[in-house]
Protein chains: 2
Amino acid sequence: MNDFLPTVDDVRAAAARIDGLVHRTPVLQSTELSRLLGAEVSFKCENLQKVGAFKARGATNAVYALPAATAVAGVATHSSGNHAAAVARAARLRGIPAYVVMPSNAPMVKRAAVIGYGGSVIDCEPTLAAREAAADALVRRTGATFIHPYDDVLVIAGQGTATLEFAVQAPRPDAVLVPVGGGGLLSGTALAARAVWATTRVVGCEPGAADDAARGFRSGMLQPAAPTGTIADGLRAALSARTFALIRRDVDEIVTVSEEGIVEAMRLVWQYLKVVIEPSAAVPVAAVLEGSPGAFGGQVGIVLSGGNVDLGVIAGLFAAASPQG
Amino acid sequence: MNDFLPTVDDVRAAAARIDGLVHRTPVLQSTELSRLLGAEVSFKCENLQKVGAFKARGATNAVYALPAATAVAGVATHSSGNHAAAVARAARLRGIPAYVVMPSNAPMVKRAAVIGYGGSVIDCEPTLAAREAAADALVRRTGATFIHPYDDVLVIAGQGTATLEFAVQAPRPDAVLVPVGGGGLLSGTALAARAVWATTRVVGCEPGAADDAARGFRSGMLQPAAPTGTIADGLRAALSARTFALIRRDVDEIVTVSEEGIVEAMRLVWQYLKVVIEPSAAVPVAAVLEGSPGAFGGQVGIVLSGGNVDLGVIAGLFAAASPQG
């Protein structure tokens, strides 16, 4: 089960395991948005998923795959947000404890979500080293099973289930675009896409301000995380050896986008698709917006990864950018 | 066909006529939003409908019901917004001209939508009398068929189709709540609800600052429109004799809400349901928010009527109201 790389069979097993525990999210289109983007774009709305993000899929798969005797001690994770809420929710559904190590600067709305799902939040310094140390101590103390946000076969397989659904909800796209941070969604998407869409290009989309995946993909060398101030707070993590291996094998391209492009793409999706997305989810939309015309073909699929925002903060951005604001 | 009152058979005929021409919109729920509202609320997302509003249903039904010989001269309407875009879109689909008389103070985004769908916009003073005079002149000049935003059997029947779908997408609610302006959505909803949900209360929701429907419902006397500054710009119209008759017969209650309630309800839906709604669509949500606990039962259905906003304007409201903005 915890072999190094998941297969498409793991994705199919995940789909069966989480059926009924997460939403089958809708696929939306907007004629006007497609016109503005220069391609017919279908959006798989994981912002409308349980906990407001695709992370519900991987976390639920990992929590429910645990044998009962192990599950009883609970689960733990460190995460800046959506994965934490997803683990807390899945644990509550299964009736086991969830412990979440969170950096002290995590967005209020994401912290509140974990607590709302009955999870215990353990604060730590906002560094990867502090997070990992706190999580290790926690696991030793409680016997909880650690569920990594992306460096986990079951989590990656769970994230891939969105694409299995996407394939029956919309026509085959010329390219499928998803954001890349730690690479869980991208590698899961690529695994599933290879099985359901033989000739679709799989494209990872990354903020230029956090381009470790793009640099690693080009050079063939896994890059460490670097400090970044990108507005796409869900994409600040770096790939793991596992997600890097999957991405090198199954992904066609990684493109980067500007911070301005992310804000503009977010605004267009709110305005025309009428759904609220977080900055990370806007990154693939920005890739189409900033790409050359037709760069990804006439039919594009995008997984909108999440919709958790501090509304006042984003509204402030839009109000500042708007002539009417 | 243009008898005074439509029947549920007209609603079923409309559903067949517009099938494939408008979206079957999703029904969404949010655990957190239900908790905040004190009831399990299902949302029929007509903000995700074509043209961003339920108005696509009635307008498409009316445009496609025209005999070919009549249709060729085109269609006309006067409207402050979503109905106009809906008529323009349906006319373009059918390949006939659309003429829209619009008040000079209509929101830019709604004007742009009509033009985007290939409609001709004729400006007029922002009074009902000026609108009607301009529309009359237009119809005489062009031979176009006038399609009223709500005082029309085919339009009312079309609006009712949202509830036929809602009934197969979600469990029977104790109450269904929709906004009321001219009464097209409310009377269509009531017609359909009586057929598909035997014991569901049908509740119209209106801004207290534009409460002509509530006053008329209480007094039994149709009230004229009064000038109003409500933020719910889609609900400034008054009932017609036709919608008033249907509402008196089939609606259980009309409740009013505050302007502050509308903004707060809109914010909650954006934040937790992750969809963009316009102020008019927030009015039923405000009714639950401001009502006494359990006022509408444990299971509530709400039709989110539209999602067309000037994003900068609404973002400015949220940013001003938010401690983070």
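A residue is called buried here if 20 or more other C-beta atoms lie within 10 Å of its own, and the views below apply that term to a predicted model.

**View 1. Helix α13 of chain B, residues 279-290, and its covered residues.** Ten of the twelve residues of α13(B) are buried, so that the helix is mostly covered. The buried positions are B:P279, B:S280, B:A281, B:A282, B:V283, B:P284, B:V285, B:A286, B:A287 and B:V288. At 1.5 Å a residue the twelve residues should span 16 Å, and because the end C-alpha atoms of the helix are 16 Å apart, the expected and the computed spans agree.

**View 2. Strand β4 of chain B, residues 98-103, with its pairing strands β3(B) and β5(B).** Five of the six residues of β4(B) are buried, and the strand is therefore largely enclosed by the rest of the structure. Strand β3(B), residues 75-78, pairs with β4(B) in the parallel sense over four bridges, and within this pairing B:V100 of β4(B) is the bridge partner of B:T77. Strand β5(B), residues 120-124, also runs parallel to β4(B), to which five bridges join it, and here the bridge partner of B:P103 is B:C124 in β5(B). Between β4(B) and β5(B) the chain passes through helix α6(B), residues 108-116, in a β-α-β crossover that is right-handed.

**View 3. The packing of helices α8 and α9 of chain B.** Two packed helices are described by the angle between their axes and the distance between the axes. For α8(B), residues 153-169, and α9(B), residues 184-196, the angle is about 45 degrees and the axes are 7 Å apart. That angle makes α8(B) oblique to α9(B), and the crossing in which α8(B) passes α9(B) is right-handed.

**View 4. A:G181 in a loop of chain A.** This glycine is placed in the loop between β7, residues 175-179, and α9, residues 184-196, of chain A. A:G181 counts as buried because it has 30 C-beta neighbours inside 10 Å. Measuring from C-alpha to C-alpha, A:G181 is 19 Å in space from A:E290, while the two are 109 residues apart in sequence.

**View 5. B:R248 in helix α11 of chain B, residues 241-250.** Because B:R248 has 14 C-beta neighbours inside 10 Å, this arginine counts as partly exposed. B:R248 and B:R218 are 30 residues apart along the chain, and a distance of 9.5 Å separates their C-alpha atoms.

Methods: Residues are numbered from 1 along each chain as its sequence is written. Chains are lettered from A and ligands numbered from 1 in the order in which they are written. This is a predicted model: local features need pLDDT of at least 70, side-chain atom pairs count only at pLDDT 80 or more; totals for chains, interfaces and linings use all residues. Helices (H or I, at least four residues) and strands (E, at least two) are DSSP runs, numbered from the N terminus. The expected span of a helix is 1.5 Å times one less than its number of residues. Two strands pair if DSSP finds at least two bridges between them. A crossover is right-handed if, with the strands pointing away from the viewer, the path from the first strand over the helix to the second runs clockwise. Axes are lines fitted to C-alpha atoms, for helices over the stretch in contact, and angles run from 0 to 180 degrees between N-to-C directions. Angles under 35 degrees count as roughly parallel, over 145 as roughly antiparallel, 65 to 115 as roughly perpendicular and the rest as oblique. A crossing is left-handed if the near helix is turned anticlockwise from the far one by less than a right angle, and right-handed if clockwise.
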